[in-house]
Amino acid sequence: MITFFISLVLLIVGYLIYSRVSEKVFAIDDRLTPAISNPDGVDITPLPKWKAFLIELLNIAGTGPIFGAISGALFGPIVFLWIVLGCILGGAVHDYFSGMISSRNNGESIVKLSGKYLGKVIESIMRVFSIILLILVTAVFVVSPSTLLESLTDGNVKAWIWMIIILAYYFLSTIVPIDKVIGKIYPLFGVILIVMAVAVITGIMVKSGDYHMIELFGNVKDFSKANGSLPWWPFMMTTVACGAVSGFHATQSPMIAKCIKSEKEGRQVFYGAMVAEGVIALIWAAAAMAFFKVDTKEGWEALNLIGGNSNSVNEISRGVLGKVGTVLAIVGVVICPITSGDTALRSCRLIVGEKIKLDQKKIINRIILTIPLFVFVIGISIWNFADAKNFNILWRWFAWSNQLLAAICLWVSTGYQYKTNKNKYSSLFTAIPALFMTAVVITYILAEPNLGLGRFIPYVLSIVIGLTISLLIFSFYIFKLLSHKKEQEDL
């Protein structure tokens, strides 16, 4: 339990200190936010800070910090380091800057912001990846709750029926004003998500005699055999996204950027929600390592765990909390993904509408934008149901495109700081995590043995290529900084 509690303290201390550093680097002021200066009653509308926080948490969380963290446990206790350091230095910074920059640009999407601060080519790339990612997220979060609900009803209500019900809700929540459905039910679900995580870790601690949590100290070694021979670099960074660093969040933060009433609220809403998600991920990773631990004569070598699916959540919840855990598991793996799927589709509608400049105050226009996106979601969902293997393929592509989006978003934040801040070196604050995530996504696509080029490129070579390309990008950025400094000195 020592590693878990140290990690928990570091997350809390990281929030108290590094969130204020982030706020200072961004340089907040008293300018009016979109919710105050330009409300439209649909997407741009003021919300209380506590409600904005809980909606942001549900937007970015879903089952991400649950499924991803349980799968991340297969890499061993090193996952604790990634959750803590990734969240504080990368993910929370990523979420804070994407939300605050959007707020200063009337709630514009990360796609529009990328064009403004990195150029039109990057904007086009971001638009394609964002739409694809959001459609994939919506489809993924139709399949997982539908199949679970079928099993919970002993097959009496088939998954395709649940899919129709969930899709109908997605369509409704996408076209109605944000405060009519999402603003009313999300705060409740946010509280449930937090209670669920706290209950699970409390149960693990109460039954510490049965479940021994694995400590980081003395267990820093290669656990790739437990994870399909995938080493922690870079695969852990794509497996555990929500709770550490996730590009999907950059599509969600602008939604709440339209609803905060002051820039001073950004630190608690954006940075705070990400740290809260980090705590949830930490809890589920710890619970998985304690619950599925396998002891051998040589010490524990692997987990009796296939991955972070709904069955794993059920086993942990029921085993630790009994009948109460069953209820919590249902809530966690049914309601939580649905609350990410609906906002993903809503974000997609906003991004497409932003591109074609269609006024979305009129409900007919929102319906026109949503229908074609909805058709794609249905198609991918049916493809998922056709073969269980398709879900794993879909998830891998989602994981990679998600982290590519995170890398670009951090470079957008860097471009913003460089163009708007008199102290150009302040952009290093986001450039360093951007460099790290760039190395992750390049190495991943080169080393991934199933979908990437890993069948043809040796693992070590993929690392060298990934680091080399990333450093070249970073060198170009440093060159720009030094050139600007010289220009200033010449003046």
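# Reasoning through contacts, burial and salt bridges

Tutor: Leaving aside neighbours within four places in sequence, Phe-171 is in contact with Ile-367, Thr-370, Ile-371 and Phe-374. The model is a predicted one, and Phe-171 lies in helix 8, which spans residues 159–175.

Student: What makes Phe-171 and Thr-370 a pair from distant places along the chain?

Tutor: The two residues are 199 residues apart along the chain, while their C-alpha atoms are separated by 7.4 Å. For the chain overall, residues 24 or more positions apart account for 83% of the contacts with a separation of 6 or more.

Student: Why is Phe-171 called partly exposed?

Tutor: Its relative accessible area is 22%, and buried would require under 20% whereas exposed would require over 50%; the value for Phe-171 falls in between, so the residue counts as partly exposed.

Student: Why is Val-9 also described as partly exposed?

Tutor: Val-9 has a relative accessible area of 48%, and because exposed means over 50%, Val-9 is partly exposed. Val-9 lies in helix 1, and a nonpolar surface patch of about 490 Å² is made by Val-9 together with Ile-12, Val-13, Leu-16, Ile-17 and Val-21.

Student: What makes Arg-104 and Asp-29 a salt bridge?

Tutor: The closest N and O atoms of Arg-104 and Asp-29 are 3.6 Å apart, and the limit for a side-chain nitrogen of Lys or Arg and a carboxyl oxygen of Asp or Glu is 4 Å, so the pair qualifies as a salt bridge. The pair links distant parts of the chain, with Arg-104 in the loop between helix 5 (78–103) and helix 6 (110–118), and Asp-29 in the loop between helix 1 (2–26) and helix 2 (34–37), 75 residues apart.

Student: Why do Arg-104 and Asp-29 receive the labels buried and partly exposed?

Tutor: Arg-104 stands at 18% relative accessibility, and since buried means under 20%, Arg-104 counts as buried. Asp-29 stands at 28%, a value between the 20% and 50% cut-offs, so Asp-29 counts as partly exposed.

Student: How do you know that Glu-263 and Arg-31 form a salt bridge?

Tutor: Their side chains meet at 3.8 Å, N to O, and the cut-off is 4 Å, so the pair is accepted as a salt bridge. This pair also links distant parts of the chain: Glu-263 is in the loop between helix 11 (248–257) and helix 12, Arg-31 is in the loop between helix 1 and helix 2, and the two are 232 residues apart. Glu-263, at 1% relative accessibility, counts as buried, whereas Arg-31, at 39%, counts as partly exposed.

Student: Which residues are linked in a network of salt bridges?

Tutor: Asp-29, Arg-31, Arg-104 and Glu-263 are linked in such a network. The structure holds 10 salt bridges, among them the one between Lys-116 and Glu-108, whose closest N and O atoms are 3.2 Å apart; Lys-116 itself is partly exposed, with a relative accessible area of 38%.

Student: Why is Cys-348 called buried, and how many disulfides are found?

Tutor: Cys-348 has 0% relative accessibility, and as the limit for buried is under 20%, Cys-348 counts as buried. Cys-242, at 11%, counts as buried too, and a search of the whole structure finds 0 disulfides.

Student: What makes helix 11 mostly covered?

Tutor: In helix 11, 10 of its 10 residues are buried, including Phe-248, His-249, Gln-252 and Met-255. The buried residues of helix 6 are Ile-110, Val-111, Leu-113, Ser-114, Gly-115 and Tyr-117, and helix 6 is followed by Gly-119, whose phi is positive, near 115°.

Student: Which residues have the most contacts inside the largest nonpolar core?

Tutor: They are Tyr-170, Trp-284 and Ile-316, in a core of 142 residues. Helix 12 (residues 266–291) gives the most to this core, with 20 residues. Not counting residues up to four places away in sequence, Trp-284 touches Ile-316, and its other partners include Pro-65, Ile-70, Met-196 and Val-313.

Student: How many helices and strands does the chain have, and what percentage of its residues count as buried?

Tutor: There are 17 helices and 0 strands, and of the 491 residues 59% count as buried. The chain exposes about 19,600 Å², of which carbon and sulfur atoms supply 68%.

How values were computed: Residues are numbered from 1 along each chain as its sequence is written. This is a predicted model: local features need pLDDT of at least 70, side-chain atom pairs count only at pLDDT 80 or more; totals for chains, interfaces and linings use all residues. Side-chain values use heavy atoms; hydrogens and water are left out. A nonpolar core is a set of buried Ala, Val, Leu, Ile, Met, Phe, Trp, Tyr and Cys residues joined through side-chain atoms within 4.5 Å. Buried means under 20% relative accessible area, exposed over 50%, partly exposed in between (1.4 Å probe, protein chains only). Helices (H or I, at least four residues) and strands (E, at least two) are DSSP runs, numbered from the N terminus. Contact means heavy atoms within 4.5 Å. Accessible areas come from the Shrake-Rupley method with a 1.4 Å probe; for residues, only the protein chains shown count as cover. A disulfide is a pair of cysteine sulfur atoms within 2.5 Å. Patches are made of residues with over 30% relative accessible area and no salt bridge: like charges are joined within 9 Å, nonpolar side chains (Val, Leu, Ile, Met, Phe, Trp, Tyr) within 5 Å.
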